[in-house]
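Trainee: Got a minute? I'd like to go through this one with you.
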Amino acid sequence: MTGIEVTGVSRWYGNIVAVNDITMSIGRGVTGLLGPNGAGKTTLLHMMAGFLPPSRGEISISGQATWRNPDIFRTVALVPERESVYAFLTGEEFVLASAKLHELPDPRAAARAAIEMVEMTDAQHRRISTYSKGMRQRIKVAAALVHDPEIVLLDEPFNGMDPRQRLQMMDLLHAQGDNGRVIVFSSHILEEVERLSGTIQVIVGGRLAASGDFRAIRRLMTNRPHVFVVRSSDDRSLGAALIGRESVRAVELTQNGLQVLASDYGVFTRELAGLSRDHGIRLTEVLPADESLESVFTYLLAS
Amino acid sequence: MSGLINGVIVRITLRATLSRRRAMLLALPAIILIGISALLSATAATSKVWPPEILGTVGFTVLLPLTALIIGTSVLGAEIEDGSIVHLLATPVRRSAVIVSKYLVATALTIAFAAVPEYLAAAIATRPGSKLSIGLLVGAIAASFFYNALFMFFSAAFRPGRALAFGLIYVVLWEGLLSNLVPGVALLSLGHYALAIANSIADDSALHAYLSTGTGIGMGVALAALSIGLGVNRLSAFTIKGDVA
């Protein structure tokens, strides 16, 4: 049986509870662990990969306990969040070293295939120290996936990537998931995973707060009420125009610009630009005012 | 044994250690040692007491352990510190192979940066191939094995900063001070095990080991093996630092 079983797992550091009694079962396909920073996602991923023992409960991958069991890495891959790699190696040397550490029968071929998969063939002979953040992330993924693992754990894989690289990484994860692999990644930015499909597990304050289909959670996200601070060449006229829209629930004129309570995040952001253009108002600043992730997750939990 | 030495780990560790800026520091103790020897042999060439005193006592209980400390905590500790060790540990490679491979690299580098200079300094002070120089070389090679085993354990058991701090306290207080002042401490001093081994060849009364050659070899090997075993055990329980402050 291929999958990850988390049963009643808690992890605490002294008085601080990082993960609180989580039970989940992760199967084939793409699964996202979502939650604000410090929610316990990374702690959970590290326990899954056997780099941290649970204080209580059990974690197994394909039936095997993970703590103190490096043999799991024959079928498991971990892509850690920290960027540190052996920067003095070239990308190719790094992936090849990984292939050799896995004792693959043909390490060169495996390394070549993994590098191709992340589209790093052109840059493979450069030292990693010259790579951009996104390139480092990709070469890390290549090194982790070089042994064709059944289960892939990625900690914040989209961090530091530009939108194009993010899409590319998502396509890669989807392709892996569609191939029947178990793909688990963590993320603290909901918008990052907008285009992903699959299952999500929302973790807040160390607890499993919600789990379900990406689309359902995403709909909740984009429809949530949202406060924006908008500055423009003519705040009063813009405010008057905005209050006439369905997507706007309230407008307040403040010294620092307009404070707009939008009832629908997606519709509002699409309408704002057109509206200001129609009225000949120049927008100078649009800031989401309550971007604190806690508020977003609290909202998700409430619905 | 071959299963315990992983060529990939050896090569990466070697490159990583020598490419760090710290590597520059490694040559410093050796240069000082050779410099002092050259100076003393030019000014006090007739004295037969200083070469074993300086090269033996100071060399084995201060310079050698300091060099081993820098290297021994660097081969494993630096990778733990920056997190790159995870790329090594997220593979089925046996933890014993990680420790032993890195241990051998650290020992080889310590021999190159400290034991060979010991020989050169002794050769300058006496003559190349003298009993003293050969004795010091063999003793220093033994010391490289002993000290690095201990520091591998420190690196695996403590956080990088602490491993270095504890190592420094141990070298300065225990090896440098107590083991030379309190004869009983020599029984638990890696430097004095090595001195005993050196003395068995050099046969120089000024090399104060305070213990027999057999005791030195036996205790040194036993403690090194114990350190490596404990180090493997600690690395097997390696945890990535959590995101909880």
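Mentor: Sure. Start where the chains meet: across the interface of chain B and chain A there are 8 residue pairs in polar contact, both residues at pLDDT 80 or more. A polar contact is a pair of N or O atoms within 3.5 Å; within protein, one must be able to donate a hydrogen and the other to accept it, and residues adjacent in sequence count only if both atoms are side-chain atoms.

Trainee: Which helix gives the most to the side of chain B that touches chain A?
Mentor: H1(B), with 7 residues. Helices here are DSSP runs (H or I, at least four residues) and strands are too (E, at least two), numbered from the N terminus.

Trainee: How do the residues on that side of chain B divide?
Mentor: Into 16 nonpolar, 10 polar and 8 charged. Gly counts as polar; Asp, Glu, Lys and Arg count as charged.

Trainee: Can I trust the model?
Mentor: Know its rules. It is a predicted model: local features need pLDDT of at least 70, side-chain atom pairs count only at pLDDT 80 or more, and totals for chains, interfaces and linings use all residues. Residues are numbered from 1 along each chain as its sequence is written, chains are lettered from A in the order in which they are written, and side-chain values use heavy atoms, without hydrogens and water.

Trainee: Which side chains meet in a salt bridge?
Mentor: B:Arg15 and A:Glu93, at 3.5 Å, N to O. The term means a side-chain nitrogen of Lys or Arg within 4 Å of a carboxyl oxygen of Asp or Glu. The count between the two chains is 1.

Trainee: New topic. What order do the strands of the open sheet in chain A take?
Mentor: S6-S7-S8-S3-S9-S10, with mixed pairing. Two strands pair if DSSP finds at least two bridges between them. S6 and S10 are the edge strands.
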